[in-house]
Amino acid sequence: MTTTTDTAAAPLVALTDVSKSYGNVRALRDVSLEVHAGEITCVLGDNGAGKSTLIKIISGLHPHDSGSYAVAGEQVRHASPRDALDRGIATVYQDLAVVPLMPVWRNFFLGSEPTKGRGPLRRLDVATMRGTTRAALLRMGIDLRDVDQPIGTLSGGERQCVAIARAVHFGARVLVLDEPTAALGVKQSGMVLKYVAAARDAGLGVVLITHNPHHAFLVGDRFVLLKRGTMSGSHFKEDITLDELTREMAGGSELDELTHELSRAPAAGAPAAGDTPAADLPAQDPPAATDPETRA
Ligand SMILES: Nc1ncnc2c1ncn2[C@@H]1O[C@H](COP(=O)(O)OP(=O)(O)O)[C@@H](O)[C@H]1O
Ligand SMILES: [Mg+2]
(Lines give C-alpha, C1' and ligand atoms only; values in the text may rest on other atoms or scores of the structure.)
(Ligands and ions follow the chains in the order given, each with its own letter.)
Protein backbone atom coordinates (compact mmCIF):
# COMPACT_ATOMS: atom_id res chain seq x y z
CA MET A 1 0.00 0.00 0.00
CA THR A 2 1.36 3.41 -0.89
CA THR A 3 0.59 6.08 1.63
CA THR A 4 1.41 9.42 0.07
CA THR A 5 -1.27 11.17 2.08
CA ASP A 6 -0.61 14.42 3.88
CA THR A 7 1.36 12.90 6.73
CA ALA A 8 2.08 16.31 8.24
CA ALA A 9 -1.57 16.64 9.22
CA ALA A 10 -2.05 12.99 10.18
CA PRO A 11 -1.92 12.24 13.89
CA LEU A 12 1.27 10.58 15.13
CA VAL A 13 -0.86 7.72 16.39
CA ALA A 14 -4.45 6.96 15.49
CA LEU A 15 -6.35 3.96 16.83
CA THR A 16 -9.76 3.42 15.31
CA ASP A 17 -12.28 0.97 16.77
CA VAL A 18 -9.57 -1.22 18.17
CA SER A 19 -10.61 -4.40 19.98
CA LYS A 20 -8.61 -6.99 21.85
CA SER A 21 -9.51 -10.21 23.66
CA TYR A 22 -7.46 -12.47 25.88
CA GLY A 23 -9.09 -15.84 25.27
CA ASN A 24 -12.70 -15.10 26.08
CA VAL A 25 -11.93 -11.97 28.11
CA ARG A 26 -12.84 -8.94 26.02
CA ALA A 27 -10.25 -6.46 27.31
CA LEU A 28 -10.95 -3.70 24.74
CA ARG A 29 -13.87 -3.06 22.47
CA ASP A 30 -14.00 -0.41 19.72
CA VAL A 31 -11.60 2.04 21.31
CA SER A 32 -10.40 5.04 19.31
CA LEU A 33 -7.85 7.70 20.15
CA GLU A 34 -5.49 10.16 18.52
CA VAL A 35 -2.08 11.39 19.57
CA HIS A 36 -0.74 14.58 18.02
CA ALA A 37 2.69 16.19 18.13
CA GLY A 38 2.96 18.69 20.96
CA GLU A 39 -0.14 17.33 22.70
CA ILE A 40 -0.96 15.07 25.61
CA THR A 41 -3.68 12.46 25.26
CA CYS A 42 -4.79 11.16 28.64
CA VAL A 43 -6.35 7.74 29.04
CA LEU A 44 -8.39 7.46 32.22
CA GLY A 45 -10.07 4.46 33.72
CA ASP A 46 -10.52 2.34 36.79
CA ASN A 47 -8.62 -0.87 37.48
CA GLY A 48 -9.40 -3.44 34.81
CA ALA A 49 -10.69 -0.81 32.38
CA GLY A 50 -8.19 -1.86 29.73
CA LYS A 51 -5.60 0.91 30.05
CA SER A 52 -2.56 -1.36 30.12
CA THR A 53 -3.95 -3.42 27.24
CA LEU A 54 -4.27 -0.23 25.20
CA ILE A 55 -0.67 0.69 26.01
CA LYS A 56 0.55 -2.77 25.08
CA ILE A 57 -1.09 -2.44 21.68
CA ILE A 58 0.40 1.00 21.07
CA SER A 59 3.84 -0.12 22.22
CA GLY A 60 3.86 -3.25 20.07
CA LEU A 61 3.73 -5.81 22.87
CA HIS A 62 0.35 -7.21 21.75
CA PRO A 63 -1.28 -7.06 18.32
CA HIS A 64 -4.86 -5.77 18.14
CA ASP A 65 -7.59 -8.19 17.01
CA SER A 66 -9.61 -5.75 14.94
CA GLY A 67 -9.83 -2.08 14.09
CA SER A 68 -6.96 -0.05 12.72
CA TYR A 69 -3.72 1.38 14.03
CA ALA A 70 -1.95 4.08 12.05
CA VAL A 71 1.35 5.82 12.76
CA ALA A 72 1.69 9.18 10.99
CA GLY A 73 -1.01 8.14 8.56
CA GLU A 74 0.45 4.73 7.76
CA GLN A 75 -1.36 1.53 8.75
CA VAL A 76 0.83 -0.59 11.00
CA ARG A 77 0.76 -3.92 12.77
CA HIS A 78 3.71 -4.01 15.13
CA ALA A 79 5.30 -7.39 15.60
CA SER A 80 7.31 -6.34 18.67
CA PRO A 81 8.16 -3.38 20.90
CA ARG A 82 11.31 -2.99 18.78
CA ASP A 83 9.06 -2.35 15.75
CA ALA A 84 7.16 0.36 17.61
CA LEU A 85 10.39 1.89 18.89
CA ASP A 86 11.77 2.01 15.34
CA ARG A 87 8.72 4.07 14.46
CA GLY A 88 9.50 6.44 17.32
CA ILE A 89 7.08 5.09 19.91
CA ALA A 90 8.79 4.83 23.32
CA THR A 91 7.06 3.41 26.36
CA VAL A 92 7.90 4.06 29.99
CA TYR A 93 6.38 1.32 32.11
CA GLN A 94 5.47 1.80 35.72
CA ASP A 95 7.92 -0.78 36.98
CA LEU A 96 10.88 0.79 35.21
CA ALA A 97 13.46 -1.63 33.94
CA VAL A 98 16.51 -0.17 35.65
CA VAL A 99 19.57 -1.71 37.24
CA PRO A 100 19.47 -0.08 40.69
CA LEU A 101 23.16 -0.41 41.52
CA MET A 102 24.38 0.99 38.21
CA PRO A 103 25.02 4.72 37.84
CA VAL A 104 22.41 6.97 36.30
CA TRP A 105 24.44 7.45 33.11
CA ARG A 106 24.81 3.69 32.69
CA ASN A 107 21.06 3.18 32.97
CA PHE A 108 20.48 6.08 30.60
CA PHE A 109 22.40 4.25 27.87
CA LEU A 110 21.37 0.71 28.81
CA GLY A 111 21.18 -1.28 25.58
CA SER A 112 22.52 1.58 23.41
CA GLU A 113 26.02 2.08 24.84
CA PRO A 114 28.44 4.00 22.65
CA THR A 115 31.89 2.47 22.35
CA LYS A 116 35.29 3.67 21.25
CA GLY A 117 38.29 1.86 19.86
CA ARG A 118 38.15 -1.23 17.63
CA GLY A 119 38.58 -4.97 17.96
CA PRO A 120 40.12 -6.00 21.28
CA LEU A 121 40.53 -2.35 22.25
CA ARG A 122 36.82 -1.65 21.92
CA ARG A 123 35.42 -0.35 25.18
CA LEU A 124 32.55 1.66 26.57
CA ASP A 125 32.86 5.37 25.99
CA VAL A 126 32.22 6.32 29.59
CA ALA A 127 33.12 10.01 29.30
CA THR A 128 30.67 10.49 26.44
CA MET A 129 27.92 8.67 28.31
CA ARG A 130 28.44 10.74 31.46
CA GLY A 131 28.52 14.04 29.60
CA THR A 132 25.59 13.20 27.32
CA THR A 133 23.43 12.03 30.20
CA ARG A 134 24.11 15.20 32.17
CA ALA A 135 23.38 17.38 29.11
CA ALA A 136 20.21 15.47 28.17
CA LEU A 137 18.86 15.75 31.71
CA LEU A 138 19.71 19.45 31.87
CA ARG A 139 17.97 20.08 28.56
CA MET A 140 14.79 18.74 30.17
CA GLY A 141 15.42 20.96 33.17
CA ILE A 142 16.51 18.07 35.38
CA ASP A 143 19.50 19.07 37.47
CA LEU A 144 20.89 15.87 38.97
CA ARG A 145 23.72 16.61 41.35
CA ASP A 146 25.62 13.54 40.31
CA VAL A 147 25.02 11.23 37.34
CA ASP A 148 27.48 8.77 38.90
CA GLN A 149 25.14 7.91 41.75
CA PRO A 150 23.39 4.54 41.50
CA ILE A 151 19.95 5.04 39.95
CA GLY A 152 18.53 3.12 42.91
CA THR A 153 19.28 6.11 45.13
CA LEU A 154 16.92 8.34 43.14
CA SER A 155 13.31 8.80 44.16
CA GLY A 156 10.57 7.12 42.12
CA GLY A 157 9.70 10.46 40.58
CA GLU A 158 13.30 11.20 39.61
CA ARG A 159 13.60 7.80 37.98
CA GLN A 160 10.48 8.48 35.90
CA CYS A 161 12.04 11.79 34.87
CA VAL A 162 15.27 10.10 33.79
CA ALA A 163 13.22 7.63 31.73
CA ILE A 164 11.33 10.50 30.07
CA ALA A 165 14.57 12.38 29.29
CA ARG A 166 16.00 9.16 27.90
CA ALA A 167 13.09 8.67 25.49
CA VAL A 168 13.39 12.28 24.32
CA HIS A 169 17.16 11.96 23.89
CA PHE A 170 16.90 8.80 21.79
CA GLY A 171 14.54 10.53 19.39
CA ALA A 172 11.09 9.28 20.41
CA ARG A 173 8.21 11.02 18.64
CA VAL A 174 5.58 9.46 20.83
CA LEU A 175 6.01 8.93 24.56
CA VAL A 176 3.71 6.46 26.28
CA LEU A 177 3.55 6.56 30.09
CA ASP A 178 1.72 3.92 32.12
CA GLU A 179 0.50 5.51 35.36
CA PRO A 180 3.74 7.42 36.05
CA THR A 181 2.28 9.13 39.12
CA ALA A 182 0.35 6.19 40.61
CA ALA A 183 2.86 5.37 43.35
CA LEU A 184 3.98 8.95 44.02
CA GLY A 185 3.12 11.63 46.55
CA VAL A 186 1.85 15.07 45.60
CA LYS A 187 5.24 16.76 45.25
CA GLN A 188 6.86 14.01 43.17
CA SER A 189 3.76 13.70 41.00
CA GLY A 190 4.05 17.40 40.27
CA MET A 191 7.66 16.96 39.25
CA VAL A 192 6.85 14.09 36.91
CA LEU A 193 3.96 16.02 35.34
CA LYS A 194 6.34 18.92 34.76
CA TYR A 195 8.64 16.70 32.73
CA VAL A 196 5.71 15.15 30.89
CA ALA A 197 4.82 18.72 29.89
CA ALA A 198 8.47 19.34 28.94
CA ALA A 199 8.35 16.33 26.58
CA ARG A 200 5.20 17.77 25.04
CA ASP A 201 6.91 21.16 24.66
CA ALA A 202 9.79 19.39 22.92
CA GLY A 203 7.21 18.44 20.28
CA LEU A 204 6.49 14.84 21.25
CA GLY A 205 3.03 13.36 21.26
CA VAL A 206 2.34 11.97 24.73
CA VAL A 207 -0.04 9.25 25.92
CA LEU A 208 -0.52 9.59 29.66
CA ILE A 209 -2.31 6.78 31.45
CA THR A 210 -3.69 7.67 34.85
CA HIS A 211 -6.63 7.10 37.11
CA ASN A 212 -6.19 10.56 38.62
CA PRO A 213 -8.44 13.11 36.86
CA HIS A 214 -6.63 15.98 38.61
CA HIS A 215 -3.30 14.94 37.14
CA ALA A 216 -4.89 14.40 33.74
CA PHE A 217 -6.61 17.76 33.75
CA LEU A 218 -3.43 19.63 34.68
CA VAL A 219 -1.61 18.61 31.52
CA GLY A 220 -4.04 16.89 29.12
CA ASP A 221 -5.27 18.19 25.76
CA ARG A 222 -7.52 15.19 25.05
CA PHE A 223 -9.15 12.74 27.41
CA VAL A 224 -10.27 9.23 26.64
CA LEU A 225 -12.24 7.46 29.35
CA LEU A 226 -12.30 3.71 29.49
CA LYS A 227 -14.80 1.64 31.38
CA ARG A 228 -14.67 -2.14 31.38
CA GLY A 229 -12.93 -2.17 28.03
CA THR A 230 -15.20 0.26 26.23
CA MET A 231 -14.85 3.98 25.64
CA SER A 232 -17.17 5.81 27.97
CA GLY A 233 -16.08 9.25 26.85
CA SER A 234 -13.71 11.21 24.62
CA HIS A 235 -13.22 14.93 25.12
CA PHE A 236 -11.07 17.88 24.23
CA LYS A 237 -9.81 20.01 27.11
CA GLU A 238 -11.98 22.94 25.92
CA ASP A 239 -15.13 20.83 26.13
CA ILE A 240 -14.90 19.55 29.68
CA THR A 241 -14.29 20.83 33.20
CA LEU A 242 -12.31 19.10 35.92
CA ASP A 243 -15.55 18.50 37.82
CA GLU A 244 -17.18 16.80 34.85
CA LEU A 245 -14.09 14.72 34.21
CA THR A 246 -13.91 13.67 37.86
CA ARG A 247 -17.58 12.79 37.86
CA GLU A 248 -17.38 10.76 34.68
CA MET A 249 -14.29 9.04 35.98
CA ALA A 250 -15.94 8.23 39.29
CA GLY A 251 -18.87 6.70 37.47
CA GLY A 252 -21.47 9.51 37.57
CA SER A 253 -24.79 7.92 38.52
CA GLU A 254 -23.08 5.08 40.39
CA LEU A 255 -21.52 7.69 42.62
CA ASP A 256 -24.90 9.32 43.24
CA GLU A 257 -26.25 5.95 44.31
CA LEU A 258 -23.32 5.43 46.65
CA THR A 259 -23.74 8.91 48.11
CA HIS A 260 -27.35 8.05 48.81
CA GLU A 261 -26.49 4.71 50.41
CA LEU A 262 -23.79 6.22 52.59
CA SER A 263 -25.81 9.18 53.76
CA ARG A 264 -27.49 8.57 57.08
CA ALA A 265 -29.85 10.37 59.37
CA PRO A 266 -27.88 12.80 61.54
CA ALA A 267 -27.28 11.56 65.08
CA ALA A 268 -28.22 14.02 67.80
CA GLY A 269 -25.52 16.70 68.11
CA ALA A 270 -23.33 15.29 65.32
CA PRO A 271 -23.14 16.65 61.78
CA ALA A 272 -24.56 14.37 59.08
CA ALA A 273 -22.24 12.92 56.44
CA GLY A 274 -21.92 15.41 53.60
CA ASP A 275 -22.84 18.40 55.75
CA THR A 276 -20.87 21.60 55.47
CA PRO A 277 -17.75 21.73 57.65
CA ALA A 278 -18.16 23.19 61.10
CA ALA A 279 -16.43 26.44 60.13
CA ASP A 280 -19.14 27.19 57.57
CA LEU A 281 -22.02 26.48 59.94
CA PRO A 282 -24.07 29.23 61.48
CA ALA A 283 -22.76 30.10 64.90
CA GLN A 284 -25.67 28.82 66.98
CA ASP A 285 -24.60 25.21 67.68
CA PRO A 286 -20.88 24.49 67.09
CA PRO A 287 -20.63 20.66 66.99
CA ALA A 288 -16.98 20.66 68.08
CA ALA A 289 -18.09 21.97 71.46
CA THR A 290 -20.54 19.14 72.07
CA ASP A 291 -18.97 16.14 70.35
CA PRO A 292 -15.47 15.15 71.56
CA GLU A 293 -14.90 12.97 68.45
CA THR A 294 -15.00 15.92 66.05
CA ARG A 295 -12.42 17.90 67.99
CA ALA A 296 -9.10 18.20 66.17
N1 LIG B 1 -2.69 -11.34 29.80
C2 LIG B 1 -4.00 -11.35 30.13
N3 LIG B 1 -4.72 -12.49 30.08
C4 LIG B 1 -6.04 -12.50 30.37
N5 LIG B 1 -6.73 -11.42 30.76
C6 LIG B 1 -6.08 -10.24 30.84
C7 LIG B 1 -4.68 -10.15 30.53
N8 LIG B 1 -4.31 -8.86 30.70
C9 LIG B 1 -5.40 -8.19 31.09
N10 LIG B 1 -6.47 -9.02 31.17
C11 LIG B 1 -7.83 -8.62 31.52
O12 LIG B 1 -8.24 -7.58 30.64
C13 LIG B 1 -8.94 -6.57 31.33
C14 LIG B 1 -8.23 -5.22 31.21
O15 LIG B 1 -7.00 -5.28 31.90
P16 LIG B 1 -5.90 -4.12 31.87
O17 LIG B 1 -5.68 -3.71 30.47
O18 LIG B 1 -4.72 -4.58 32.64
O19 LIG B 1 -6.66 -2.96 32.66
P20 LIG B 1 -6.10 -1.70 33.48
O21 LIG B 1 -4.68 -1.47 33.07
O22 LIG B 1 -7.00 -0.58 33.09
O23 LIG B 1 -6.22 -2.01 34.93
C24 LIG B 1 -9.10 -7.05 32.77
O25 LIG B 1 -10.32 -7.70 32.89
C26 LIG B 1 -7.94 -8.02 32.91
O27 LIG B 1 -8.25 -9.01 33.87
MG1 LIG C 1 -2.88 -1.23 34.18
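Visitor: What do strand 9, helix 6 and strand 10 make?

Guide: In this predicted model, they make a right-handed β-α-β unit. Helix 6 covers residues 186-201, and strand 10 covers residues 205-210.

Visitor: How many bridges pair strand 9 with strand 10, and in which sense, parallel or antiparallel?

Guide: The two strands pair in the parallel sense, over 5 bridges. One position to look at is Leu177, which stands opposite Leu208 in strand 10.

Visitor: Which way does strand 6 run relative to strand 9, and how many bridges join them?

Guide: Strand 6, residues 89-92, runs parallel to strand 9, and 4 bridges join the two. Val174 in strand 9 is the bridge partner of Ile89.

Visitor: Which residues of strand 9 point one way and which the other?

Guide: The general idea comes first: in a regular strand, side chains alternate between the two faces of the sheet. Here Val174, Val176 and Asp178 point one way, while Leu175 and Leu177 point the other way.

Visitor: Are these residues of strand 9 buried or exposed?

Guide: Residues on both sides are buried, Asp178 included. Strand 9 spans residues 174-178, and 5 of its 5 residues are buried, which makes it mostly covered. For the protein as a whole, 33% of the 296 residues count as buried.

Visitor: How should I read helix 1: which of its residues are buried?

Guide: An α-helix has 3.6 residues a turn, so residues three or four places apart point the same way. In helix 1, burial takes in 8 of its 8 residues. They are Lys51, Ser52, Thr53, Leu54, Ile55, Lys56, Ile57 and Ile58. After the helix comes Gly60, with a positive phi near 85 degrees.

Visitor: Which residues surround ligand 1?

Guide: The surrounding residues are Tyr22, Val25, Ala27, Gly45, Asn47, Gly48, Ala49, Gly50, Lys51, Ser52 and Thr53. Of these, Lys51, Ser52 and Thr53 are also among the buried residues of helix 1.

Visitor: Which element gives the largest share of the shell around ligand 1?

Guide: Helix 1 does, with 3 residues. Strand 2 (25-35), like helix 1 (51-58), supplies at least two residues of the shell. Sorted by class, the shell has 4 nonpolar, 6 polar and 1 charged residues.

Visitor: How many residues lie between strand 11 and strand 12 in their hairpin?

Guide: There are 2 residues between them, and Arg228 in the turn has a positive phi of about 40 degrees. Strand 11 (residues 222-227) and strand 12 (residues 230-236) pair in the antiparallel sense over 6 bridges. Within this pair, Val224 stands opposite Ser234 in strand 12.

Visitor: How many helices and strands does the protein have?

Guide: The protein has 10 helices and 12 strands. As for the contacts in the protein with a separation of 6 or more, 65% are between residues 24 or more positions apart.

Visitor: Which elements have the lowest and the highest mean pLDDT?

Guide: Helix 10 (residues 287-290) has the lowest, 44, and strand 1 (residues 13-22) the highest, 97. At the start of the chain, pLDDT is below 50 over residues 1-7, a stretch with 7 contacts in the model beyond near neighbours in sequence. Over residues 276-296 the pLDDT also stays under 50, and the model has 13 contacts for them beyond four places in sequence.

Visitor: What is the mean pLDDT of the protein?

Guide: The mean is 84, and 84% of the residues reach 70 or more.

How values were computed: Residues numbered from 1 in each chain as written. Chains lettered and ligands numbered in written order. Predicted model: local features only at pLDDT ≥ 70, side-chain atom pairs only at ≥ 80, totals over all residues. Near = placed C-beta within 6 Å. Helix = DSSP H or I, 4+ residues; strand = E, 2+ residues; numbered from the N terminus. Nonpolar A, V, L, I, M, F, W, Y, C, P; charged D, E, K, R; others polar. pLDDT = per-residue confidence, 0-100. Contact = placed C-beta atoms within 7 Å. Buried ≥ 20, exposed ≤ 12 C-beta atoms within 10 Å, placed from the backbone. Pairing = 2+ DSSP bridges. Right-handed = clockwise from strand over helix to strand, strands pointing away.
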